[in-house]
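Hi,

Here is the structure I promised to pass on. Have a look at it first, and my notes follow below.

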Amino acid sequence: DMVLEYFPSGSKKIEIIFFANGEITIKKFLEDGTVDKEALLNEDGDFYIQKPQSDVIKSFRQRYWVDYNNPHWIENSDKYSITSIPRLTLDVAAYMLVELDIEVPDILKNIYSVY
C-alpha cells in the first residue's frame with residue numbers, strides 16, 4: 001500500500017510505502033523531485049534514516065508494537081486488539097515522520113478514521 005502527498009504544482013511531496021513483510025519506507029521530496037529526506041523501517045524493526053545525515057535506530061518498531069503472541073502482555077492491552085494491527089502500522093509510520101521532522105500528511109490523518 002502507498003500513501004502519497006503532492007505539492008500544489010502536482011509533483012510528489014511525500015511517499016509512504018507499506019510492504020507486506022512489515023517494512024515501511026518514507027521519502028520527502030523537494031518540489032524539483034530531489035529526495036530531501038528518507039527512511040526505511042526494515043522487517044526486523046531497525047530504522048534507517050537520512051535527513052541529511054545517516055543514522056540507525058535499533059529496535060525502533062518494538063517501541064510502538066504490541067506482541068500479540070504474548071499472553072502476559074499488559075501495557076495497552078485495553079487499547080489495542082488484534083483487529084487494530086493496521087492502526088499500529090499507521091502509528092509507527094507517524095512516529096517515523098516525526099523522526100524525519102515531517103508533518104503527518106492530511107491523507108494519512110484521514111486514513112486513521114477508518115481504523
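Before the hairpins, a word on pairing: two strands count as paired here if DSSP finds at least two bridges between them. Keep in mind that this is a predicted model.

With that in hand, take the hairpin of strand 4 and strand 5. These two strands pair in the antiparallel sense over 4 bridges, and Ala-39 stands opposite Ile-49 in strand 5. There are 5 residues between the strands, and in this hairpin Gly-45 takes a positive phi near 100 degrees.

Strand 4 (residues 35-41) also has strand 3 (residues 24-29) as a partner, in an antiparallel pairing over 6 bridges. Here Phe-29 sits opposite Val-35 in strand 4. This hairpin has 5 residues between its strands too, and Gly-33 is the residue with a positive phi, near 95 degrees.

Now for the rings. How many aromatic pairs does the count come to? The answer is 1 aromatic pair. It is formed by Phe-47 and Phe-60, with 4.4 Å centre to centre and 25 degrees between the planes. Planes under 30 degrees apart count as stacked, so this pair is a stacked one.

Where do the two partners sit in the fold? Phe-47 belongs to strand 5 (residues 47-50), while Phe-60 is in the loop between strand 6 (54-57) and helix 1 (85-99), so the pair ties together parts that are 13 residues apart in sequence. And are Phe-47 and Phe-60 buried or exposed? Both of them are buried.

Cheers

Key
Residues numbered from 1 in each chain as written. Predicted model: local features only at pLDDT ≥ 70, side-chain atom pairs only at ≥ 80, totals over all residues. Heavy atoms only, no water. Phe/Tyr/Trp six-rings, centres within 6.5 Å; stacked < 30°, edge-to-face > 60°. Buried < 20%, exposed > 50% of the residue type's maximum accessible area, 1.4 Å probe, protein only.
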